[in-house]
Amino acid sequence: MSGDLSDINWDDIPEPTERNDGPLAAGTYPVKVEAASVKEAKSGNGKYVEVQFRVTDGAGANRCVWARLNHQNASETAARIGMGQLKKLASTCGLTRLTDTSQLIGAELLVDVTAREYNGKVYNDVKDFFQVKDFKPVLADGSNRSMVFRVEPDAGTSGADDAPW
């Protein structure tokens, strides 16, 4: 099959911008819950809730990060930690009881994201959840005088952009 493209003015089309598909820098990001579902653990002896967050503003806008929260696991400790995280997420989203993952969809909150290396690749982990109104940002000097997000630089940057870190 072929199609006529002769009516396109190729000079008016901008060059594609460079995509950054790597992990986000460690920091706190404003997000919206886009998807949430219960999944079976690969081991077959547990379940977890996978939550997809989309960054809504600032560095990383429109990028996604995921949290995987155990709620059934062969390890009692892993299940307890996961249930605690799930309870905090639900509470941060204004829910006293989470009965279905669809209740999380559309919630806006802040997430604390870390970056970790595993088998030579860097991955993001969502480590904590905050309500936007309760969040107390931290400046480099340790104070919280004004509303800013603390974001660590990407590991691969040279520092040549005169960023304040």
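These are my notebook entries on a predicted model of one protein chain.

**Entry 1: overall layout**

I started by listing the elements, and the protein chain has one helix and five strands. Read from the N terminus, they come in the order β-β-β-α-β-β. Next I looked up burial: 27% of the 165 residues in the protein chain count as buried. I also checked how contacts spread along the sequence. Among contacts with a separation of 6 or more, 46% are between residues 24 or more positions apart.

**Entry 2: the sheet**

How are the five strands ordered in the sheet? I found an open sheet with the order 3-2-1-4-5 and antiparallel pairing. Strand 3 (64-72) and strand 5 are at the edges with a single partner strand each, so each has one side without a neighbour in the sheet. I noted the twist too: ignoring direction, neighbouring strands of this sheet are turned by 40° against each other on average.

Then I went through two of the pairings. Strand 1 (residues 27-40) and strand 2 (residues 47-55) run antiparallel and are joined by nine bridges. Within that pairing, Val 33 has Phe 53 of strand 2 as its bridge partner. Strand 4 (residues 108-118) and strand 5 (residues 121-130) also run antiparallel, with nine bridges between them. Here I picked out Thr 114, which is opposite Asp 125 in strand 5. The hairpin of strand 4 and strand 5 has two residues between the strands, and Asn 119 in this hairpin has a positive phi near 50°.

**Entry 3: the helix**

My next stop was helix 1 (residues 76-92), which lies across strand 2, strand 3, strand 4 and strand 5. Helix 1 runs at about 125° to strand 3. I did a quick length check: with 1.5 Å a residue, the 17 residues of helix 1 should span 24 Å, and the end C-alpha atoms are indeed 24 Å apart.

Which residues of helix 1 are buried? I got Ala 79, Gly 82, Leu 86, Leu 89, Ala 90 and Thr 92. Viewed down the axis of helix 1, these buried residues fall within an arc of 160°, so they line one face of the helix. They pack against strand 2, strand 3, strand 4 and strand 5. On the face turned away from that buried side I found the exposed residues Glu 76, Arg 80 and Lys 87. Just past helix 1, Gly 94 has a positive phi of about 85°.

**Entry 4: aromatic rings**

I searched the whole structure for aromatic pairs and found one. The ring centres of Phe 53 and Phe 129 are 6.2 Å apart and the planes are at 35°, so I logged the pair as tilted. The pair links distant parts of the chain, with Phe 53 in strand 2 and Phe 129 in strand 5, 76 residues apart. Are these two residues buried or exposed? Both Phe 53 and Phe 129 are buried. Phe 53 had already turned up in my notes as the bridge partner of Val 33.

**Entry 5: a glycine in a loop**

Last, I looked at Gly 106, in the loop between helix 1 and strand 4. Its relative accessibility is 33%, so Gly 106 counts as partly exposed. What does Gly 106 contact, leaving aside neighbours within four places in sequence? I found Lys 32 and Val 33. I also took the separation of the C-alpha atoms of Gly 106 and Cys 93, which is 9.2 Å for residues 13 apart along the chain.

Definitions and conventions: Residues are numbered from 1 along each chain as its sequence is written. This is a predicted model: local features need pLDDT of at least 70, side-chain atom pairs count only at pLDDT 80 or more; totals for chains, interfaces and linings use all residues. Side-chain values use heavy atoms; hydrogens and water are left out. Two strands pair if DSSP finds at least two bridges between them. Helices (H or I, at least four residues) and strands (E, at least two) are DSSP runs, numbered from the N terminus. Axes are lines fitted to C-alpha atoms, for helices over the stretch in contact, and angles run from 0 to 180 degrees between N-to-C directions. Contact means heavy atoms within 4.5 Å. The expected span of a helix is 1.5 Å times one less than its number of residues. Buried means under 20% relative accessible area, exposed over 50%, partly exposed in between (1.4 Å probe, protein chains only). The arc is that of the directions from the helix axis to the C-beta atoms. Rings of Phe, Tyr and Trp (its six-membered ring) pair if their centres lie within 6.5 Å; planes under 30 degrees apart count as stacked, over 60 as edge-to-face and the rest as tilted.
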